[in-house]
Amino acid sequence: MFLAVAPFTPTNGSRSLNRQGKVAELRLELNSGGKKDKNYSAKKIALKKIVANMTMSNNDMVALFPDVIGCMNLPSLEIKKMCFLFLVNYSRMKPEVALKALPILVDDMADNNPLVRALALRTISYVHVREFVEAIFQPLKRLMQDNDPYVRKTAAFCVAKLYEHDKKMVENSDLIDRLNRMLKDENPTVVSSVLASLVDIWGRSESISLTIDYVSASKLVSILADCSEWGQTYILEALMAYVPQDAAEALLLAERIAPRLSHQNSAVVLTSCRVILYLMNYISGEKHITSLCKKLSPPLVTLLSKPPEVQYLALRNAILILQKRPEVLRNDIRVFFCNYNDPIYVKVTKLELMFMLTTKDNIGVVLAELREYATEIDVHFVRKAVRAIGKLAIKIESSAKQCIDTLLELVDAKIPYIVQEATVVIRNIFRKYPNQYESIISHVLRNIDDLDEPEAKAAVIWIIGQYADRIDNSDGLLQDYLATFHDETVEVQLALLTATVKLFIQRPTKGQQLVPQVLKWCTEETDDPDLRDRGYMYWRLLSTDPATAKQVVMGQKPPITAESEKLDPRTLEELCLNVGTLATVYLKPIHQVFRAARPRRLLPSPALQRSHPEDGTGNMLDYNPPTANMASASTSSSGLATITTTGDPITPVNAPPPPNLPLPVANPVGAAGPSNMNEAADAADAYFSGIGSQQMASLDLGGGGGAPQSQYVVTQNQQQVYQPHLAGGAATGELLLL
Amino acid sequence: MLSGILIFNQKGENLIFRAFRSDCRPRLADIFRIQVISNPQVRSPILTLGSTTFSHVKHENIYLVAVTKSNANAALVFEFLYRLVMLGKSYFGKFDEEAVKNNFVLIYELLDGKPIPLYPNNPAKATSNNGFFHFPEILDFGYPQNTDPDTLKMYITTEGVKSAIANNPTDSSRITQQATGALSWRRSDIKYRKNEAFVDVIEDVNLLMSATGTVLRADVNGQIVMRAYLSGTPECKFGLNDRLLLDSGESSGPSSSRGGGNGLGTSKATRAAAGSVTLEDCQFHQCVKLGRFDADRIISFVPPDGEFELMRYRATENVNLPFKVHPIVREIGTTKVEYSVAIKANYSSKLFATNVVIRIPTPLNTAKTTERTSQGRAKYEPEQNNIVWKIARFSGQSEFVLNAEATLTSMTHQKAWSRPPLSLSFSLLMFTSSGLLVRYLKVFEKNNYSSVKWVRYMTRAGSYEIRF
């Protein structure tokens, strides 16, 4: 059957005419037929057209509200349903008209036919109008004890709907108690619906707590097999409210839930994983844990044969689980190799997992694979692959040479973005292994003319500065860059400044002309406070005591690591209690992404096993500033891209210069902007600690300042630089690692 | 849970907007259109803005979007969206923009519960079966309810007029009992004169081979589809040559051999001769008693009526690759690429594969190609940048060769060719790459009738890729 649909975008002129014509036409059709129309077929067709136009025609159909209500009482369930659909859609716009439908619905809730009772209850509870909400309370109590399980099931969800409309009213009534009593229902579908409803209410309340004792939990597990796949998911979610008091009980439940891992529905599988991982916190005995871990592994890998979105979710959760229970993913790394046709978000996450799972035993296979990826078409993915190779060099010391050789091969292909990316990672390799691989400097400098991205330029400038005494024409190379000093980004300018000072310290004769000039530019001709302050700092340092200057500028640098940006224990714990949820895609503290989400914690019990010392309370404070930033950031249109930057302690260093800042500002706190005094102060400290480029500055923030990130992660601050053109990548939340 | 379900076309027009909670405002449709559909940078199926999360899947030319407002169960969201696609496909044949526009009411009703004709595209079937069933709502307050097409089949009633069913209280309560019952996927009063069951074992074999000819990855995703036409409430037991079941004595088996990985060495033959297969993992239809499988690996179930997917499995050991491919690709200067691709069938000469298609990538600046084949036809498809070589029938143990040459146009911007992998598709009957066999299917029913069972095996190419 073909249904007429209003034109999608009528032109402005004809629009009102068109609308009125359409509405009048449909009204005529709806009221036609008369007595001859025994099966109401004319009305049905008219109603179908009206419903079809509901979404597409900008609410013009609301004019037909009274006419539609007129049809509601006809003895045809089909018509009734269409009228109800209309009602639910438009009741908010015209509550006064909607009220006319109320008596019909209230009548229906007492109908003989359970389908009609349930339909009326479902419909009336969708209507967000006070009179409707008030009218449900009494009938609802009756229907919660209906003799038909389908009606009881509908009534259970209805309580959660009422709670959404009016919290107070529900809390002041005995509905939640009644709902609780319904848990004793003999029908498993009803029980699972009650649990879904309770968990929904719990999630939106500050005061209600949800606890399940062992006997109830055990009963719930026993009815799992009798529920639909969705019902199983609701029950499993509710089981997170059970706090085991005894290790044996937890183990028994986990083992009884384990068969669910073979379910076809990935929601059942991942939610089972969540419950089992949760229960494992309360299970003692290495043997039991190992056996449970073994059971979790194959289902997670099987999810990789599902549609890409589910694969993505499974992979994100694998990253999480890998940090909490590495033994779960002891399988062959090759299951995470990318297929050529995988969507980019799947590929990038697989790449992260590959990096995490690489050891010195399998690095040969991984490098061959990464090399393959580096020839693909997607630039973003290629860059990540190149970066991963560099990071592997830093992660696995014994294979560094192998990684470097792979990188150099790629550089020889002369594809500009590969060269740039490789330059950046090679800089990090120099940094990690001083005095080992400098023989390749000349190889890197060969491509110096291809570099046009700030990050790559800064990297190569760092290399020139650091090894100014080994590169014959280091002053010439720097001079080339200095010629365009004023056109460079701040990142490059900072690198140039530091590199020039390094050149001067190592080869005073060659640097003596450059240094005064650069210092003058930095201190007098720039608007950027970071650059100016660093310039002054060097100036004073060099003019007071050249020997100390050498010690400071060319001093020993603390080591860097390539360990993936491990989640802090508190976030990890929280995310593990939310396996399979949206938050696991972002792998961020849940409050940063979902401010309204109710926090979940591992609750203490005699059975709780603690694998790591509790250091959570201190971290709480450190996580507040990012959350506060989030509030303002998330409203901007760029959305997620902004979330990712807030956690970075060195934000002020790379931030674009605030415009029109008055020049003579002596106070670095003011210079870094009013947003965050602490960060600014830390950043200032970092400058004065005297270690050249901003990479090292961030290191000092991490190590010296006692900030939560005690490890400096190689790529952490590069991420920011790439964000502008990788907004999409950022939105996938893939920032954890690469 | 879900706050709303939205459907868009590719232009970003909102075709369906169904809110289940009051926090799903109409303007969210505009936000999705701006932030996802018209934003070429979006690369993730999930987008969170403020407290609102849009999760979408693309099917044909429509976007199906779920709106959630909290930290929802993402697995459930996507499973549901895919279920919606599946339902759409089973009703409309093709679930695309046109189908949505022609079936607005039906889709709203799908979401809300409604009597619906079972075979809308096949009136003949509908009349012979009196095929109408009542469809319970698939979502309530954004919580998925009954979405299983199998479950829906039980709503076939004998009356022809849909409203008559639903308006009759006794029939209605039968519907409600089934919608909430334990054996929700099966009616109790099914009768067949001839009791039959068909089992299809379908395997998708995945291969990733490196340019040097080493197997990087080879595994099998298997699927067992059953069509059960059995009377009453039959209790079925299904036996495979599952190694864990056959050698239940030696528990150390799988872990010790796993180290060998995907090696296609000599152990293959002996293992296959012993006639057992190691299943890495299994997933079952909801009718299978998972507790029993977990305890003693017995697959026991009461099947739904008609066709359903009984199980899926994964095997990674001793994968028999049906085809061996040897590509030799030489880039001659910047103007020419020479191909020589040999493909050999690795299965018994009694079998033959059908619809074998080999896609051989060509550089983007290919101007023209010439091909010679010893069997089948090869054609250059410029829009795909492929030479497509088709062999309709490929008998076992035979070997065919393609020689081709691609002439390239010169380009000002010389960029290296990324050399995407060569890929294969085929289907091969009576062959399983994993070596899986159905050992028995037993049917127990209180009437003790005898039943006929049929088994069919097929292996298809999943992602069968060879780098060069």
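Student: Which residue of E11(B) stands opposite B:Leu207?

Tutor: In this predicted model, B:Ala218 in E11(B) is the residue opposite B:Leu207.

Student: What makes E10(B) and E11(B) a pair of strands?

Tutor: Strand E10 (residues 196-209) of chain B is joined to strand E11 (residues 215-229) of chain B over 14 bridges, in the antiparallel sense. Pairing requires at least two bridges, so these strands count as paired. The hairpin of E10(B) and E11(B) has five residues between the strands, and B:Gly213 takes a positive phi near 90° there.

Student: How do you know that E10(B) also pairs with E25(B), and in which sense do they run, parallel or antiparallel?

Tutor: There are 13 bridges between E10(B) and strand E25 (residues 452-466) of chain B, and the two run parallel. The cut-off is at least two bridges, so this too is a pair. Within it, B:Met209 has B:Ile466 in E25(B) as its bridge partner.

Student: Which strands are the edge strands of the five-stranded open sheet of chain B, and why are they called so?

Tutor: The order of that sheet is E2-E1-E5-E4-E3 (chain B), with antiparallel pairing. Strand E2 (14-19) and strand E3 (46-49) of chain B each pair on one side only, and they are the edge strands. On average, neighbouring strands of this sheet are turned by 20° against each other, direction ignored.

Student: What packs on this sheet?

Tutor: Helix H2 (residues 74-92) of chain B does, touching E1, E3, strand E4 (52-59) and strand E5 (62-68) of chain B. The direction of H2(B) makes about 35° with that of E4(B).

Student: How do you know that E1(B) and E2(B) pair?

Tutor: Five bridges link strand E1 (residues 2-9) of chain B to E2(B) in the antiparallel sense. The requirement is at least two, so the pairing holds. B:Leu6, for example, has B:Phe17 in E2(B) as its bridge partner.

Student: What are the edge strands of the three-stranded sheet of chain B?

Tutor: This open sheet has the order E14-E12-E24 (chain B) and antiparallel pairing. Its edge strands are strand E14 (299-301) and strand E24 (438-444) of chain B, as each pairs on one side only. From one strand to the next, the twist averages 15°.

Student: How many bridges support the pairing of E12(B) with E14(B)?

Tutor: Strand E12 (residues 235-240) of chain B and E14(B) share three bridges and are antiparallel. Because at least two are needed, they are paired. B:Lys237 is opposite B:Ser300 in E14(B).

Student: At what angle do H8(A) and H9(A) pack?

Tutor: Helix H8 (residues 130-143) of chain A and H9(A) pack at about 150°, and their axes are 10 Å apart. Angles over 145 degrees count as roughly antiparallel, which means that H8(A) is roughly antiparallel to H9(A). The crossing of H8(A) with H9(A) is left-handed.

Student: Which residues of H8(A) and H9(A) meet?

Tutor: A:Val133, A:Ile136, A:Leu140 and A:Leu143 in H8(A) meet A:Val151, A:Ala155, A:Cys158, A:Leu162 and A:His165 in H9(A). By class, this contact has eight nonpolar, one polar and no charged residues.

Student: How many residues of each chain are in contact with the other chain?

Tutor: 101 residues of chain A are in contact with 87 residues of chain B. Helix H9 (residues 149-165) of chain A gives the largest share of chain A's side, eight residues. That side has 51 nonpolar, 31 polar and 19 charged residues.

Notes:
Residues are numbered from 1 along each chain as its sequence is written. Chains are lettered from A and ligands numbered from 1 in the order in which they are written. This is a predicted model: local features need pLDDT of at least 70, side-chain atom pairs count only at pLDDT 80 or more; totals for chains, interfaces and linings use all residues. Two residues are in contact if their C-beta atoms, placed from the backbone, lie within 7 Å. Helices (H or I, at least four residues) and strands (E, at least two) are DSSP runs, numbered from the N terminus. Ala, Val, Leu, Ile, Met, Phe, Trp, Tyr, Cys and Pro count as nonpolar, Asp, Glu, Lys and Arg as charged, and the others, Gly among them, as polar. Axes are lines fitted to C-alpha atoms, for helices over the stretch in contact, and angles run from 0 to 180 degrees between N-to-C directions. Angles under 35 degrees count as roughly parallel, over 145 as roughly antiparallel, 65 to 115 as roughly perpendicular and the rest as oblique. A crossing is left-handed if the near helix is turned anticlockwise from the far one by less than a right angle, and right-handed if clockwise.
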